[in-house]
Amino acid sequence: MTDQNSLWQNHLLNSLSAANYERFFPHLELVRMSLGDVLYESGDEVRYAYFPTNCIVSLVYVMESGAPAEIAVVGDDGMIGVSLFMGGGTMPNRAVVRSAGYAYRLRASILMQEFNRFGGYRNGALHNLLLRYTQTLLTQIAQTAACNRHHFVDQQLCRWLLLSLDRLHSNELVTTQELIANMLGVRREGITEAAGKLQQAKLINCRRGHITVLDRQGLEARACECYQVIKTESDRLLPSLQSASLMTHIPLQKCGLVKKCELLSNRHDWMK
């Protein structure tokens, strides 16, 4: 297991108490997340919560026409499946992998057992942590809606790139302009023009299937306020990955408690 696939790479798992770890360990599974894998469709029962380590999952709303629009992104900052503890139990939108990697998954029943261990009171550590994460996710969804309505495409592109970088801890994204256009709900020509402006300003470098950010500070300066609003709320409510965890010293390979498996083949070819 590489460092990128360590439990501690996910901010939420890295922030759990020692007692939480002991109860979670036997049930966590490392799963491969391939580009285009659909974890859930809208209306699906949520059977697992997913905690990404080095992949990105898009929460996507699909219109009746079939046109997709990304409403939020989840990476090593969070989890897929907040409807479990919000009382819904089903997925309100599609969850699809847009940057390949790995995640840990946990059965819904195990998560809910731990979530309700203190009778649902806010003094439960996991309860409190997951509700704070949910607030950051709601902030991202609301700010994304406002951004897509009021800001120029090049500003939206800057926000999208910066949110992606925050969740990958890399300056290079494996993506296409067509994929970005689908996620932002705009024409591909608009993304091509916006990316061209950023490249001319030497903020990014584009080549087939890859975008490399050359000047992050410059990219942040070009972005609208939406990125900073999302980041500020996340920094305020959630612990940093650099914060010391009580359990980061445990060699998981020797514990024999983490199982590996791979997801089934794609349930829906969402990119076509």
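**A tour from strand 7 to the low-confidence stretch**

Select Met33 first: the bridge partner of Met33 in strand 7 is Gly101. The model is predicted: local features need pLDDT of at least 70, side-chain atom pairs count only at pLDDT 80 or more, and totals for chains, interfaces and linings use all residues. Residues are numbered from 1 along each chain as its sequence is written, and side-chain values use heavy atoms, with hydrogens and water left out.

Next, select strand 7, residues 101-107. Strands here are DSSP runs of E of at least two residues, and helices are runs of H or I of at least four, both numbered from the N terminus. Of the 7 residues in strand 7, 5 are buried (under 20% relative accessible area; exposed is over 50% and partly exposed lies in between, with a 1.4 Å probe and protein chains only). Two strands count as paired if DSSP finds at least two bridges between them. Strand 1 (residues 29-33) runs antiparallel to strand 7 and is joined to it by 5 bridges. Now add strand 3 (residues 48-52), which is also antiparallel to strand 7, again with 5 bridges. Within strand 3 and strand 7, Ala49 stands opposite Leu106.

Move to the cysteines. The whole structure holds 0 disulfides, a disulfide being a pair of cysteine sulfur atoms within 2.5 Å. Cys224 is in none; the nearest cysteine sulfur, that of Cys147, lies 3.6 Å away. Cys224 is buried, with a relative accessible area of 6%. Cys55 is buried as well, at 0%.

Then display the open sheet of 3 strands, whose order is 8-10-9 with antiparallel pairing. Strand 8 (172-174) and strand 9 (204-207) are at its edges; each has a single partner strand, so one side of each lacks a neighbour in the sheet. Neighbouring strands are turned by 15° against each other on average, direction ignored. Strand 8 is joined to strand 10 (residues 210-213) by 3 bridges, and Glu172 has Thr212 in strand 10 as its bridge partner.

Add helix 6 (residues 153-168), which lies across strands 8, 9 and 10 and runs at about 100° to strand 8. Axes are lines fitted to C-alpha atoms, for helices over the stretch in contact, and angles run from 0 to 180 degrees between N-to-C directions; contact means heavy atoms within 4.5 Å.

Finally, colour by pLDDT, the predictor's confidence in each residue, from 0 to 100. The average is 84, and 83% of the residues score at least 70. Over residues 242-272 pLDDT stays under 50, and the model has 66 contacts beyond four places in sequence for this stretch. Where pLDDT is low, the predicted coordinates should not be read in detail.
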